[in-house]
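Work through the exercises below with the sequence and coordinates open. Each task is followed by a stepwise solution.

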Amino acid sequence: MKLTVFGATGGVGRHVVQQALDSGHQVTAVVRDPARLPVPAHPRLEVVTVPDLTHHEPLLPHVAGRDAVISAVGPTNNAQAKSTPIAGTALRSIATAMDRAGVRRLSAISAAPVGPVAEGEGALTRVMVYPLLRRMLRDLYADLAAMEQAISASNTQWTVVRPPKLTDKPHTGTYRRVIGDNVPGGMTISRADVADALLTCLADPDTVRHTVGIAN
């Protein structure tokens, strides 16, 4: 496929770019600072610099003609989300650019606490862990919730992937996945496996216009 990856220099985005190239895809990586992309030059990789994702017009040439778009855009911490919410604004622009360009398939990363507590989840997580996380990181999750609202209101064939706490463990390709819910007891997953999920969902019609919970 021909893919455009937003948030390509982030912890998940860089894995998306590398795994997509390893799988034979053609990748356009949209970045603010090309020096922060730790992926070697590759004949199927185009790196383009877009300093700001708040307007859709500059994004049009970088999504036109693509088969799908992957977003790994998101705030890096709660303080950033509070001072400058990024995900909601960025995905509104990305979805508008896709609509203008006639590109439909979108896969985007969110976070497990944005969704409901999983069916069958333990009492500790239900009563203590999720409420605490949602209170401590309320601005971050508010930004991601705004992002999900922008995506669900768009004309795209979207999939939103909701992982729990991210780690830097290796890519395994083996993790639990639940369409339309979070994963019960799912506490962690590697950034590399989140990238795997974002890519894998693109070819899975069962995930279109659904959230997907993933976890080890």
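Contact here means heavy atoms within 4.5 Å. The model is predicted, so local features need pLDDT of at least 70 and side-chain atom pairs count only at pLDDT 80 or more, while totals for chains, interfaces and linings use all residues. Residues are numbered from 1 along each chain as its sequence is written, and side-chain values use heavy atoms, with hydrogens and water left out.

**Exercise 1.** Describe the surroundings of Thr-211.

Solution.
Step 1. Locate the residue: Thr-211 belongs to strand 10, residues 210-215. Strands (E, at least two residues) are DSSP runs, numbered from the N terminus, as are helices (H or I, at least four).
Step 2. Classify it: Thr-211 has a relative accessible area of 15%, and buried means under 20% (1.4 Å probe, protein chains only), so Thr-211 is buried.
Step 3. List its contacts, leaving out residues up to four places away in sequence: Glu-148, Trp-158, Val-160, Arg-162, Val-178, Ile-179, Gly-180 and Asp-181.

**Exercise 2.** Is the share of buried residues in the protein given, and what is the overall fold content and extent?

Solution.
Step 1. Count elements: the protein has 7 helices and 10 strands.
Step 2. Test compactness: the radius of gyration, taken over C-alpha atoms, is compared with the globule rule, 2.2 Å times the number of residues to the power 0.38. The protein has 16 Å, close to the 17 Å that the rule gives for 216 residues, so it is as compact as a globular protein of that length.
Step 3. Give the extent: the C-alpha trace spans about 50 × 35 × 30 Å along its principal axes.
Step 4. Give the burial: 50% of the 216 residues count as buried.
Step 5. Examine the contacts: of those between residues at least 6 apart in sequence, 69% join residues at least 24 apart.
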